[in-house]
Amino acid sequence: MQITPSILNADLANLGAEVRRIGSADMVHIDVMDNHFVPNLTLGLPVVESLRSHTDLPFDAHLMIEDPDRWAPAYAEAGCASVTFHVEAAKAPVRLAREIRKQGARASMALKPATPIEPYEDLLAELDMVLIMTVEPGFGGQKFLDMCLPKIRRTRALMQRHGVETWLQVDGGVSLETIERCAEAGADVFVAGSAVYSAADPDAMVNELRAKAEAARA
Ligand code: DX5
Ligand code: ZN
């Protein structure tokens, strides 16, 4: 059970200090948005490269951008341990996943709430993680979409059927109130943005979220 706080709702002008407030996190989730794939613009490669020297925590890049085929491998090269592209934007997801792995990172594929997993079943062996969005991507602080829970269950079942060790990440509206539902459905990596960064003690919140997820899975 891993907690990967999103820095989207942190103080973006103080990212170095903000990542040091989540020392218990398993990875730092970095939301890259290009104002085309989603209606919001955040940060890109130069910021990720600068931030790399400010923490020892692994980086989990979530690319909400057009043309990930062109840009994603550079995030692996910049030292991100995991690189997630959206399958809705990828032109050649198999080639892209292989390219990311070749650069030494874990390859991950994200699905928006209305995108089904079934057409991509045969890709699972090419992936180290599947990210199921539980809000429409673009903004932090949105309400968790319960309609995504059946897809989490179906994805976990497909992973078991194919005998792969792929991680299953959920992202959007994950909090102390919703994390148990996600864990019960089969998620094992949890993004939490506003839940962590609006807490008085973000690091304590990371540990509380992990404890809840572990209890729900057990
Ligand atoms: C949304 C981003 C999420 C977001 C999560 O498009 O991908 O990572 O920052 O924030 P919360 O946890 O507040 O929904
Ligand atoms: Zn994200």
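Contact here means heavy atoms within 4.5 Å. I note that first, since I use the word throughout. I also note that this is a predicted model.

**Entry 1: lysine 91**

I looked up lysine 91 first. I found it in the loop between β4 (82-86) and α4 (93-102). Leaving aside neighbours within four places in sequence, I see lysine 91 in contact with Asp67 and Asp69. Is lysine 91 buried or exposed? Its relative accessible area is 65%. Exposed means over 50%, so lysine 91 is exposed. I then took the distance to leucine 12. The two are 79 residues apart in sequence, and their C-alpha atoms are 31 Å apart in space.

**Entry 2: β4, β5 and glutamate 126**

Next I followed β4 to its partner. β4 and β5 run parallel, and five bridges join them. I picked out one facing couple: threonine 84 stands opposite serine 108 in β5. Why do I call β5 largely enclosed by the rest of the structure? Five of its six residues are buried, so the rest of the structure largely encloses it.

I moved on to glutamate 126. It is in the loop between β5 (106-111) and β6. Its relative accessibility is 17%. Buried means under 20%, so glutamate 126 counts as buried. Which residues does glutamate 126 contact, leaving aside its neighbours within four places in sequence? I listed Val94, Ala97, Arg98, Arg101 and Ala107.

**Entry 3: the zinc ion**

I turned to the zinc ion (ligand 2). Which residues are its protein donors? They are His29 through NE2, Asp31 through OD, His62 through ND1 and Asp171 through OD. These donors lie 2.1 to 2.3 Å from the zinc ion. I wrote their spacing in sequence as H-x1-D-x30-H-x108-D.

I checked the geometry too. Six donor atoms surround the zinc ion, and they subtend angles of 71 to 170°. Those angles make the arrangement octahedral.

Two of the donors I checked for exposure. Histidine 29 has 0% relative accessibility, so it counts as buried. Aspartate 31 is at 6% and also counts as buried.

**Entry 4: aspartate 31 and the active site**

I stayed with aspartate 31. It sits in strand β2 (residues 28-33). Setting aside residues up to four places away in sequence, aspartate 31 touches Ser6, Leu8, Thr42, Leu43, His62, Met64 and Asp171. So which residues does UniProt list under "active site"? The unreviewed entry gives Asp31 and Asp171. They span 141 residues in sequence, yet their C-alpha atoms are no more than 10.6 Å apart, so they gather at one spot. Of these residues, I found Asp31 in the lining of the largest cavity.

**Entry 5: the annotated binding site**

I looked up "binding site" in the same record. The unreviewed UniProt entry covers Ser6, His62, Gly138, Phe139, Gly140, Gly141, Asp171, Gly172, Gly173, Gly193 and Ser194. Where do these residues appear in the structure? The lining of the largest pocket includes Ser6, His62, Gly138, Phe139, Gly140, Gly141, Asp171, Gly172, Gly173, Gly193 and Ser194.

I took two of them in turn. Phenylalanine 139 is in the loop between β6 (129-133) and α5 (149-162). It has a relative accessible area of 43%, so I logged it as partly exposed. Beyond its neighbours within four places in sequence, phenylalanine 139 is in contact with Leu8, Met33, Pro39 and Asn40.

Glycine 193 is in the loop between β8 (189-192) and α7 (194-197). At 16% relative accessibility, glycine 193 counts as buried. Not counting residues up to four places away in sequence, glycine 193 touches Ser6 and Asn9.

**Entry 6: β1 beside β8**

Last, I looked at what pairs with β8. β1 and β8 pair in the parallel sense, over four bridges. Which residue of β8 stands opposite isoleucine 3? I found phenylalanine 190 there. I also sorted the side chains of β1 (residues 2-5) by direction. Gln2 and Thr4 point one way, while Ile3 and Pro5 point the other way. All of them are buried.

Technical notes:
Residues numbered from 1 in each chain as written. Chains lettered and ligands numbered in written order. Predicted model: local features only at pLDDT ≥ 70, side-chain atom pairs only at ≥ 80, totals over all residues. Heavy atoms only, no water. UniProt positions renumbered as here; feature names shortened; annotations may be inferred. 1 Å grid on protein atoms, 1.4 Å probe; cavity = no way out; pocket = protein on both sides within 12 Å on 5 of 7 lines; lining within 4 Å. Helix = DSSP H or I, 4+ residues; strand = E, 2+ residues; numbered from the N terminus. Buried < 20%, exposed > 50% of the residue type's maximum accessible area, 1.4 Å probe, protein only. Pairing = 2+ DSSP bridges. Donors = N, O, S within 2.8 Å, 3.2 Å for Na, K, Ca; no water. Tetrahedral: all angles 85-135°; square planar, octahedral: opposite > 155°, others 65-115°.
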